[in-house]
Amino acid sequence: MTIIPDLIDYVTPSDAAICLHEAGHATAALVVGLAPSLIEIVENNPGSPGLARSRIPQGTQQERRIIACAALAVEFQLYEAGRLVDGFGAQIDEATFIRIAVGNNAALDKILYFGADHADENGVWPKANDEAFIASARGLSAVLPMALIKELAETLLTERQLDCPRVIEIGAKHLPGSKSTWRCS
């Protein structure tokens, strides 16, 4: 039984959207050979920068960049499939999608992608940086396995926290040849 709905409230944001975002990071980590030690929903944690988080080994600079833009890549897949809606169930337009995805959801992800915060005093990033981040995410969106993303997101939504062995167990079903390279730290 699927618990991620076909239409996902992206504006509010919904728990489903949050779990899909985080599952994107975890999936990209598995694809590049890194096993997340933890994926969790953050409950009432005022010091947390988001509502969910992953702990992923450091990896190379290129691996970190792939993992950082993976959540946006997932959101592109969902947007292009017409699955992202507002709180009333109406599909969002591209300007709204980009504003939320790049302006809000990817705030920390962009810092991880570029290795530094390039926002001005109003929190606005240089257009060239946003365009480079978007282009990387669009390219990655074509190769991330949505079945793995969906299973990780649904499991996270249900269990609220996944440790490394659980992430590997799920990942092995979708990327069977990779299991031998993943190690829990």
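Me: Where does Glu40 lie?

Reply: This is a predicted model. In it, Glu40 is part of strand S2.

Me: Is Glu40 buried or exposed?

Reply: Burial is read from relative accessible area, and under 20% counts as buried. Glu40 has a value of 9%, so this residue is buried.

Me: Which side chains make polar contacts with the side chain of Glu40?

Reply: There are two to look at here. The side chains of Glu40 and Arg53 are joined by a polar contact of 2.5 Å. Another polar contact, of 2.8 Å, joins the side chain of Glu40 to that of Gln161.

Me: Which residues does Glu40 touch, not counting those up to four places away in sequence?

Reply: Arg53 and Gln161 appear again, and Glu40 also touches Leu51, Ala52, Arg55, Leu156 and Arg160.

Me: How should I read the sheet, and what is the order of its strands?

Reply: Read a sheet by the order of its strands and the way they pair. Here the sheet is open and has 3 strands in the order S3-S2-S5, with antiparallel pairing. Strand S3 (52–55) and strand S5 (161–163) are the edge strands, each pairing on one side only. On average, neighbouring strands of this sheet are turned by 10 degrees against each other, with direction ignored.

Me: How many bridges join strand S2 to S5?

Reply: Strand S2, residues 38–41, is joined to S5 by 3 bridges, and the two run antiparallel. Ile39 has Leu162 as its bridge partner in S5.

Me: Which helix packs on the sheet, and at what angle to S5?

Reply: Helix H6 (residues 146–159) packs on the sheet and touches S2 and S5, with its direction at about 115 degrees to that of S5. Helix H7 (residues 164–174) also packs on the sheet, touching S2 and S5, and its direction makes about 85 degrees with that of S5.

Me: How many aromatic pairs are there?

Reply: An aromatic pair is judged by the distance between ring centres and the angle between ring planes. The count comes to 6 aromatic pairs. Take Tyr113 and Phe133: their ring centres are 5.2 Å apart and their planes stand at 85 degrees, so the pair is edge-to-face. This pair links distant parts of the chain, with Tyr113 in helix H4 (residues 107–114) and Phe133 in helix H5 (residues 127–141), 20 residues apart. Tyr113 is buried at a relative accessible area of 6%, and Phe133 is buried at 0%.

Me: Why is the pair of Phe114 and Trp125 tilted?

Reply: The ring planes lie at 40 degrees, with the centres 5.6 Å apart, so this pair is tilted. Phe114 is in helix H4 and Trp125 is in the loop between H4 and H5, 11 residues apart. Phe114 is partly exposed at 22% relative accessible area, whereas Trp125 is buried at 8%.

Me: Which residues do ring pairs link into a cluster?

Reply: The cluster consists of Tyr10, Phe76, Tyr79 and Phe97.

Me: Which charged end sits over the ring of Tyr113?

Reply: A charge can also be placed relative to a ring. The charged end of Arg65 sits over the Tyr113 ring, 4.0 Å from the ring centre.

Me: Is Glu63 buried or exposed?

Reply: Glu63, in helix H2 (residues 61–80), counts as buried at 19% relative accessibility. Leaving aside neighbours within four places in sequence, Glu63 is in contact with Val32 and Leu34.

Note on methods: Residues numbered from 1 in each chain as written. Predicted model: local features only at pLDDT ≥ 70, side-chain atom pairs only at ≥ 80, totals over all residues. Heavy atoms only, no water. Pairing = 2+ DSSP bridges. Helix = DSSP H or I, 4+ residues; strand = E, 2+ residues; numbered from the N terminus. Axes fitted to C-alpha atoms, helices over the stretch in contact; angles between N-to-C directions. Contact = heavy atoms within 4.5 Å. Buried < 20%, exposed > 50% of the residue type's maximum accessible area, 1.4 Å probe, protein only. Polar contact = N/O pair within 3.5 Å; in protein donor to acceptor, adjacent residues only side chain to side chain. Phe/Tyr/Trp six-rings, centres within 6.5 Å; stacked < 30°, edge-to-face > 60°. Lys NZ or Arg CZ within 6 Å of the ring centre and 35° of its normal.
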